[in-house]
Amino acid sequence: MVHGPTAGSPAAASDPSTPGTTAATAAAAATATSGVNGVNGANGPATGTTGAAPKDLPSVDRLLRDEAVTHLMARHGHAFVAGEARRLLEAWRRRAVEGTLAAHELRHLPAELERRCEQRLAPRMRRVINLTGTVLHTNLGRALLADEALQQVLACMGSPNNLEFDLARGERGDRDSLVESLLCEITGAEAATVVNNNAAAVLLGIAALAGGKEAIVSRGELVEIGGAFRMPDVMAAAGAKLVEVGTTNRTHARDYQAAIGPQTALLLKVHTSNYAIQGFTASVSEAALAPIARAAGVPLMTDLGSGSLVDLAQWGLPAEPLPQQMLADGCDVVTFSGDKLLGGPQAGLIVGRKDLVQQIRKFPMKRALRLSKLPLAALEATLRLYLRPDRLTQDLPTLRLLTRPVDQIEAQADRLLARVQAAVAPRFAVRVSTMRGQIGSGSLPVETLPSAGLVLTPQLPGKRGVGRALDELQTALRALPLPVIARVQSDELWLDLRCLDEAREEVAFIEQLALLKESLA
């Protein structure tokens, strides 16, 4: 049977992110087994395979007085431990009534109480090892924060900070000012504001600039992003009337010109970063659309989504449109994401013409969508890294992973081959293989990266049972103290090593292989 390490395993205790058995737990189990503290005294047998009766269980008060339990109250407080003890005893009493509680289990009552306490307090959001091959994985938290951003968050979150206080003038300030000057310097914008994600940035921009009026969009740009979040729905929620122009595959400048009327308040461009239309296509660039917008006296807004602030082509990666270029091409407002290619926390960034950004900033919806102090601290620190462009591939985790040399990844696969083979044999064979990964699951999902890793193949006489074997292997990997997330492809499990940091994660991955072997035994 496949099973992960329990909270009482040595490896679980060694990982600070996973609740583990402490020395006190072991002492509790040993003391409870001896039966000297009253839990397993005259009320019930401590050994044997006979069933336990409800009367054999101690009261809550008696259990809490056990020497093996008192340390729990010192650590967690009486109220919490007493509540867990009550629930545990109720569950075991039901088992006793049903006849499914063995008498010998009573000796483990204090240890089980400690396990339940640790499990209840364990974090639901946990660190994992991403071996899916997708660098900016939507389900795995997207961009990793740089060390500078983490340090800034710790420094500012643990003490009062000047979130909305101007230190120079000694009076109330604007939280946008913490990052506005950085955004303007990097992008060349006149002004900037930030909200809690890019969908919010688009929603706010449309609501502030075109609420109650018409916004013109090409049919080929009516995108849907994750969670069935569709551009037409965003525009409806913003109170703007959607005016579609062109066709799915071809839109021309004349289509925009013909659609502009007295109620037109906005021309909107949407970068289709999560899909591609190929073949007989045509679209109108921002540079070509800007003169049309200016002639009509309406603003041009473009949503870039992915939010790259540097030309990725210099590292051999697919080029993405930059806010700097969009503003230079005549866009009045540009929106993009903070936690994708920019490499920072979740945020929606709005840059552009000063009067329009001010109009957006003053819109009532802005307060509901504003960025809180934690992501603001991380965003400011991340943006500062862009002031040193020569160090970006060293300092910014997203770029460091995207630009990692394939030969370095292959060498890592060679190092790990024998160790992984020993952990999964004889049920699985392991080989080193070249692979193709993805830049992102929500941003640039159609763009692939050359990579390398390990391929695990079930050793079965035929196809029968392959799916079950792979499910068991994935379950065992996810149940490790530091869960490992991989991908299944062509009836094999692929461990793409692009995102396995050699300095920070490789050792932790290796240390868990003994537990993986035990789980698959």
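The points below concern two helical regions and a few backbone features of this predicted model.

1. Helix α9 covers residues 198–210, and because a rise of 1.5 Å a residue would give its 13 residues a span of 18 Å, the 18 Å between its end C-alpha atoms agrees with expectation. At the N-terminal end N197 acts as a cap, with a side-chain oxygen 3.3 Å from the backbone nitrogen of A199, while after the helix comes G212, whose phi is positive, near 80°.

2. Twelve of the 13 residues of α9 are buried, so the helix is largely enclosed by the rest of the structure; among them are N198, V202, L203, L204, I206 and L209.

3. Helix α19 (residues 406–424) packs with helix α22 (residues 513–520) at an angle of about 25°, their axes being 7 Å apart, and since angles under 35 degrees count as roughly parallel, the pair is described in that way. On the α19 side the contact involves R419, V420, A422, A423 and V424, which meet L513, L516, K517 and L520 of α22; these residues divide into seven nonpolar, two charged and no polar.

4. The peptide bond from A425 to P426 is cis, with omega near 0°, and P426 belongs to the loop between α19 and β14 (428–440).

5. Most residues other than glycine have a negative phi. In the loop between β17 (487–489) and β18 (492–496), however, S490 has a positive phi of about 55°, and D491, found in the loop between β17 and β18, has a positive phi of about 60°. S490 counts as exposed because its relative accessibility is 59%, whereas D491, at 38%, is partly exposed.

Methods. Residues numbered from 1 in each chain as written. Predicted model: local features only at pLDDT ≥ 70, side-chain atom pairs only at ≥ 80, totals over all residues. Heavy atoms only, no water. Helix = DSSP H or I, 4+ residues; strand = E, 2+ residues; numbered from the N terminus. Expected span 1.5 Å × (residues − 1). Buried < 20%, exposed > 50% of the residue type's maximum accessible area, 1.4 Å probe, protein only. Polar contact = N/O pair within 3.5 Å; in protein donor to acceptor, adjacent residues only side chain to side chain. Axes fitted to C-alpha atoms, helices over the stretch in contact; angles between N-to-C directions. Parallel < 35°, antiparallel > 145°, perpendicular 65-115°, else oblique. Contact = heavy atoms within 4.5 Å. Nonpolar A, V, L, I, M, F, W, Y, C, P; charged D, E, K, R; others polar.
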